[in-house]
Amino acid sequence: MPARIVTIAQQKGGAGKTSLTAHLAAAFAGQGHRVALIDIDPQGSLTAWAGLRPAGFDPHLNLSTVSGWRTGPEVERQAREHDLVLIDCPPHGETAAKLAVRAADLIVVPMQPSPLDLWATRATIDLIAAEKRPLRLVLNRVPARGSLSEAMARELAETGAPIADATLGNRQAFAAALVEGLGVTEYEPRGQAAAEMNALAAELLGVLAPARKR
Ligand SMILES: Nc1ncnc2c1ncn2[C@@H]1O[C@H](COP(=O)(O)OP(=O)(O)O)[C@@H](O)[C@H]1O
Ligand SMILES: [Mg+2]
């Protein structure tokens with residue numbers, strides 16, 4: 001199976017791009033996939049997380065940090081040696097992020113289910129649509145109690161963007177795992193956060209399964 005490239009993009013900062021990239025990578029790697037991470041955000045949070053991974057920790061995650069036009073060649077290089085390449089984007093659509101969206105088999109867009117976040121996400125949805133790439137919105141930090149308001153659900157539907165069935169709660173484990181260089185599936189394999197991340201990983205693999213002609 002050729003490598004699948006998954007770009008985690010969202011022009012709104014703090015939506016959960018880096019968290020999602022790290023936890024998904026750990027979940028996929030734990031299932032035996034060879035996973036490469038590419039950090040194209042100059043803030044370097046994903047790089048910092050990978051640096052905290054315990055020495056010799058298995059599964060190993062290969063991380064590279066790149067910027068600008070180097071993104072394309074680096075994605076191709078990593079795709080030759082891995083099953084999945086996950087790219088963490090900066091919160092603005094400059095060169096590297098556009099290249100990462102263009103190269104992707106799937107773009108994952110984390111979003112908190114609030115009106116302000118939804119409105120801010122439209123620019124990202126438009127950018128992905130302009131590149132004609134498949135995407136999934138992933139609702140992140142979903143409040144424990146109560147489902148989305150009807151108005152919020154309607155606004156979401158109006159974007160026309162497909163929403164992943166799996167959602168992520170607002171859980172302390174998502175942050176606590178990262179400080180140790182781990183994903184939630186490694187940090188607390190039987191916890192709720194891990195169950196949510198495994199469900200999301202499985203759903204995204206299902207979306208990626210039919211080979212796209214590149
Ligand atoms: N599901 C979640 N539950 C709790 N905290 C979260 C969750 N997702 C993200 N966070 C926290 O929100 C903040 C922003 O997340 P981050 O992944 O850095 O977003 P981005 O990369 O989009 O800027 C971080 O402090 C992170 O730990
Ligand atoms: Mg980030």
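Start by selecting Ser67, which you will find in the loop between S3 and helix H3 (71-81). Keep in mind as you look around that this is a predicted model. Is Ser67 buried, partly exposed or exposed? Ser67 counts as partly exposed because 15 other C-beta atoms lie within 10 Å, and the buried class begins at 20.

Now add the contacts of Ser67 to your selection. Leaving aside residues up to four places away in sequence, Ser67 touches Ile40, Pro42 and Ala96. Draw a distance between the C-alpha atoms of Ser67 and Ala96: the two are 6.0 Å apart in space, with their positions 29 residues apart in sequence.

**The sheet**

From the loop, step back to strand S3 (62-65), and then show the rest of its sheet. In what order do the 6 strands stand? Reading across this open sheet, you pass S3-S2-S4-S1-S5-S6, with parallel pairing. S3 and strand S6 (135-139) are the edge strands, each pairing on one side only. Neighbouring strands are turned against each other by 20° on average, direction ignored.

Zoom in on the S3 edge. Strand S2 (residues 35-39) runs parallel to S3, and 4 bridges join the two. To see one pair of bridge partners, select Ile38 and then Ser64 in S3.

**Across the sheet and into the core**

Next, colour helix H1 (17-30). H1 lies across strand S1 (4-8), S2, strand S4 (84-88), strand S5 (106-111) and S6. Its direction is at about 165° to S4.

Which residues touch the most other members of the largest nonpolar core? Select Ala25, Leu86 and Ala100 to see them; this core has 60 residues. The element that gives the most to the core is H1, with 8 residues. As background, nonpolar side chains tend to be buried together in soluble globular proteins.

Stay with Ala100 for a moment and show its surroundings. Not counting residues up to four places away in sequence, Ala100 touches Thr7, Ala9, Ile40, Thr71, Ile87 and Cys89. Ile40 may look familiar, as Ser67 touches Ile40 too.

**Around the ligand**

Now centre the view on ligand 1. How many residues surround ligand 1? The shell holds 17 residues, and the closest are Gly16, Lys17, Thr18, Ser19 and Ala175. Two elements give two or more residues to this shell: helix H1 and helix H7 (172-178). The largest share, 3 residues, comes from H1. If you colour the shell by class, you will see 5 nonpolar, 9 polar and 3 charged residues.

**Three backbone stops**

To finish, look at some backbone details. Most residues other than glycine have a negative phi, and most peptide bonds are trans.

- Select Asp58 and Pro59: a cis peptide bond joins them, with omega at about 5°. Pro59 sits in the loop between helix H2 (45-52) and S3.
- Select Lys132 in the loop between helix H5 (115-130) and S6. Its phi is positive, near 55°, in a residue other than glycine. Lys132 is exposed because 7 other C-beta atoms lie within 10 Å, and the exposed class covers 12 or fewer.
- Select Arg141 in the loop between S6 and helix H6 (150-158). Arg141 also has a positive phi, about 55°, although it is not a glycine. Arg141 counts as buried because it has 20 C-beta neighbours inside 10 Å.

Note on methods: Residues are numbered from 1 along each chain as its sequence is written. Chains are lettered from A and ligands numbered from 1 in the order in which they are written. This is a predicted model: local features need pLDDT of at least 70, side-chain atom pairs count only at pLDDT 80 or more; totals for chains, interfaces and linings use all residues. A residue is near a molecule or strand if its C-beta atom, placed from the backbone, lies within 6 Å of it. Ala, Val, Leu, Ile, Met, Phe, Trp, Tyr, Cys and Pro count as nonpolar, Asp, Glu, Lys and Arg as charged, and the others, Gly among them, as polar. Two strands pair if DSSP finds at least two bridges between them. Axes are lines fitted to C-alpha atoms, for helices over the stretch in contact, and angles run from 0 to 180 degrees between N-to-C directions. Two residues are in contact if their C-beta atoms, placed from the backbone, lie within 7 Å. A nonpolar core is a set of buried Ala, Val, Leu, Ile, Met, Phe, Trp, Tyr and Cys residues joined through C-beta atoms within 7 Å.
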